[in-house]
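Okay, thanks everyone. I've got a few minutes on one structure, so have a look at it while I talk.

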Amino acid sequence: MKNVTHSFVFLAHWPFAGSFGLNTDILATNLINLTVVVGVLIFFGKGVLKDLLDNRKQRILSTIRNSEELRKGTLEQLEKARIRLQKVELEADEYRMNGYSEIEREKENLINATSISLEQLEKSKNETLYFEKQRAMNQVRQQGFQQAVQGALGTLNSCLNTELHFRTIRANIGILGAIEWKR
């Protein structure tokens, strides 16, 4: 690296011969170099730069057109979605109202069915109480009848002597015989 820099320093100290030589005035050489570079760039780069800019412009315009088409398509889809949403909301309201109506009908039906069941249970309870009362009364009658029969038998047995007993038996046999004859 030192050799490279020494060679440039060595060239800078050469005596100038004729019109050829190194100009060490940085400002003058930079201005000339920049003018030459800009001129060459403008001359050769104008077409390339114009093509690049035209291509870029066409891509931007096509992107904008595509974006506009996509925006229009999206707006159409959004409008369709809004219409579908309104339909769905209307259907949901209808289902909700039908559901409330159905719930009210079911509630009324359940109340009516429960009322009928309660009436039937009340009727069944009353019938059961009536039958139980009848059964209890029959039991009391039977017990009263049995006690009366036992009391009567006890009285008869104590009052009857053998002869009276035979006479009663004969009278009953006579009654039974008369019943047989009538048949």
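I'll go through the overall make-up and then some of the charged pairs.

One thing up front: this is a predicted model. So what is it built from? The protein has 3 helices and 0 strands, and if you read along the sequence you get α-α-α. The helix I'll keep coming back to is H2, which covers residues 26-159.

Now, how much of this is buried? Of the 183 residues in the protein, buried ones make up 1%. As for surface, the protein exposes about 17500 Å², and 63% of that is supplied by carbon and sulfur atoms.

Right, on to the charges. In general, side chains of opposite charge can pair when their charged atoms come close. How many salt bridges do we get here? The count comes to 6. I'll take you through some of them.

Start with Arg71 and Glu68. Their closest N and O atoms sit 3.2 Å apart, and that's a salt bridge because the cut-off is within 4 Å. Where are these two relative to each other? They're 3 residues apart in helix H2, so about one helical turn separates them. Buried or exposed? Well, in between: Arg71 is partly exposed, at 43% relative accessible area, and Glu68 also counts as partly exposed, at 36%.

Next up, Glu79 and Arg82. These side chains meet in a salt bridge too, at 3.9 Å, N to O. If you're wondering whether that makes it in, the rule is within 4 Å, so it does. Both residues lie in helix H2, 3 residues apart, which is about one turn of the helix. On accessibility, Glu79 comes out at 41% and Arg82 at 45%. Partly exposed means between 20% and 50%, so that's the label for Glu79 and for Arg82.

Last pair from me: Arg105 and Glu102. What's the distance there? The closest N and O atoms of this salt bridge are 2.5 Å apart. The spacing will sound familiar: Arg105 and Glu102 are 3 residues apart in helix H2, about one helical turn. Arg105 is partly exposed at 46%, and Glu102 is partly exposed at 34%.

So, to pull that together: Arg71 with Glu68, Glu79 with Arg82, and Arg105 with Glu102 are each a pair set 3 residues apart in helix H2. That's what I had, so over to you for questions.

Technical notes: Residues numbered from 1 in each chain as written. Predicted model: local features only at pLDDT ≥ 70, side-chain atom pairs only at ≥ 80, totals over all residues. Heavy atoms only, no water. Helix = DSSP H or I, 4+ residues; strand = E, 2+ residues; numbered from the N terminus. Buried < 20%, exposed > 50% of the residue type's maximum accessible area, 1.4 Å probe, protein only. Areas by Shrake-Rupley, 256 points an atom, 1.4 Å probe, with all protein chains shown as cover.
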